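Thanks, everyone. I have two topics today: the ligand site, then one helix. Let me put the structure up.

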Amino acid sequence: MYDRNHLLARLRAASLEREGDVFAQIPGAGPVTFGDLFSGAERMAAALVGAGVKPGDRVAVQVPKTIEAIELYLGTVMAGGIFLPLNTAYTTPEVAYFLGDATPAVVVCDPTRKGEIATIAGDATILTLDASGHGSLRELADAQPPGFTPVARRADDLAAILYTSGTTGRSKGAMLSHDNLSSNSEVLRDYWHFTADDVLIHALPIFHTHGLFVATNVALLAGCRVIFLPGFDTDAILAAMPEATALMGVPTFYTRLLADPRLDRARTANMRLFISGSAPLLVATHREWEARTGHRILERYGMTETNMTCSNPYDGERRAGTVGFPLPGVETRIMKDGREMPAGEIGVLEVRGPNVFKGYWQMPEKTAEELRPDGWFITGDLAMRDADGYYTIVGRARDLIISGGFNIYPREIESLIDDLEGVAESAVIGVPHPDFGEGVVAVVVPSDPSLTPERIMAGLEGKLASFKRPKQIILTPALPRNTMGKVQKKALRETYADLFPAT
Ligand code: AMP
């Protein structure tokens, strides 16, 4: 009966004959079998339909990470709805924008937020789900019989809308179809060799493409087990490693784990794969990880609108500082001034394939600006392909610095600074400058407290053309990051906007 629903049929296939096998192991709680998970999802679907959800309706969800929240995702898709997860950090005024834009039929929130959400939810039905998986939605679901017949949905129907992190302007809702999600996760499962024998440490949030689609869908498609953690926790991840085989993380997972002396070869001996993405992994982190554990982290690249696009190879060389090759079935090209760039040249990365989204929800003009009629999506990321075909993400196009008429790629300067003794990491930005248009500023996190801006400048001597050299170096204890570990350059630009006042 799952066959009627494109995505569900695929997510269910690997576990159909294995109802009693464990899907999720949750520290401090009992195991959840595949049978439990899908019958829970069936009850959620019945509850949603009972609450008025019709095919194509949006179900907005801002809840803590629990297995019930995964059941809600599956249940929404099963009910023919469109799953709309929201970052748990969003405040009520922020949520108001998403609800106004997406007009969901149902909003599911933490019970503590119900009063506030009621003031902004319009006609939507409000249900609740808390950090232990309890709430009015769960009660409604528990009262339903299992065995819900999934609503028929085709490959092209929408399964989810994920709002982009919105570093500039209004956040846009990326419309993802059943096939966008299933095709990409199938490719990843095969590319990364996931099978039913794997045990994946699942510590990522599930309101973002990485934890929701890459981690959850790949595990379901492989029919493997997950050690399901509510969030990043060094102790819990280190404790899980001896019985796990794979970890998917953002770069900060890896730097935080490296900061713990318990991370070593013995602890990671059972692990076969460490995957990193959603933000650039420093070459130094890649190297340090290999030295400590003997494993080379596999870095991949993607974004909300495209799912995953590039990955380092499983068997071949995993090259630090690169995101590897385009995934099978995904086309990529690097464009500048309307021309495709050869190897070694920087341009804007464009992507085409079954992974590319259907456009921005109710924003046809924005969609037309970024998604070409022939299917190429303009990612806004600057990239370069080397002679061996490995791609490197140079940064966001909007982070490009133009100083005195010259283009300056922050990543080039950041890499040089990061390599200096006493530097933990850096972010290079352009801020308004009366003479040059923009002035280069390096914001640096020291690993050695005696580091000075003068020492950094001296370290760059002879390595950078003078126009690229930072006009100012600022030392700071930490860079501003979002929940996915991405450095917030826009916030930095705002902080240092007045560094070079007009005289
Ligand atoms: P999001 O839509 O929140 O997943 O953000 C996607 C953006 O994260 C991409 O457009 C890139 O700018 C960045 N990103 C993702 N993976 C990587 C990576 N491996 N290296 C560098 N940047 C990355």
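Start at the ligand. In this predicted model, 17 residues surround the ligand. Glu299, Arg300, Thr304, Asp381 and Lys486 are the closest.

What is the make-up of that shell by class? We count 6 nonpolar, 6 polar and 5 charged residues.

Now, which strands supply at least two residues each? Those are β13, residues 298-303, and β20, residues 391-396. β13 gives the largest share of the shell, with 5 residues.

On to the contacts. Asp381 puts a polar side-chain atom 2.5 Å from an oxygen atom of the ligand. Arg396 also reaches a ligand oxygen, with an N or O atom of its side chain at 3.1 Å. Ser278 uses its backbone: a polar atom there sits 3.2 Å from a ligand nitrogen. How much of the ligand does the protein cover? The ligand on its own has 500 Å² of accessible area, and 92% of that is covered.

Next, the helix. α7 runs over residues 178-191. Does its length come out as expected or not? At 1.5 Å a residue, its 14 residues should span 20 Å, and the end C-alpha atoms are 20 Å apart, so the two agree.

Is α7 enclosed or open? Of its 14 residues, 10 are buried, so the rest of the structure largely encloses α7. Among the buried ones are His178, Leu181, Leu188 and Tyr191. Arg189 is on that buried list too, along with Asn180 and Asn184. So are Ser182, Ser183 and Ser185.

One last detail. His193, just after α7, has a positive phi of about 60°.

That's my update. Over to you.

Definitions and conventions
Residues are numbered from 1 along each chain as its sequence is written. This is a predicted model: local features need pLDDT of at least 70, side-chain atom pairs count only at pLDDT 80 or more; totals for chains, interfaces and linings use all residues. Side-chain values use heavy atoms; hydrogens and water are left out. A residue is near a molecule or strand if one of its heavy atoms lies within 4 Å of it. A polar contact is a pair of N or O atoms within 3.5 Å; within protein, one must be able to donate a hydrogen and the other to accept it, and residues adjacent in sequence count only if both atoms are side-chain atoms. Accessible areas come from the Shrake-Rupley method with a 1.4 Å probe; for residues, only the protein chains shown count as cover. Helices (H or I, at least four residues) and strands (E, at least two) are DSSP runs, numbered from the N terminus. Ala, Val, Leu, Ile, Met, Phe, Trp, Tyr, Cys and Pro count as nonpolar, Asp, Glu, Lys and Arg as charged, and the others, Gly among them, as polar. The expected span of a helix is 1.5 Å times one less than its number of residues. Buried means under 20% relative accessible area, exposed over 50%, partly exposed in between (1.4 Å probe, protein chains only).
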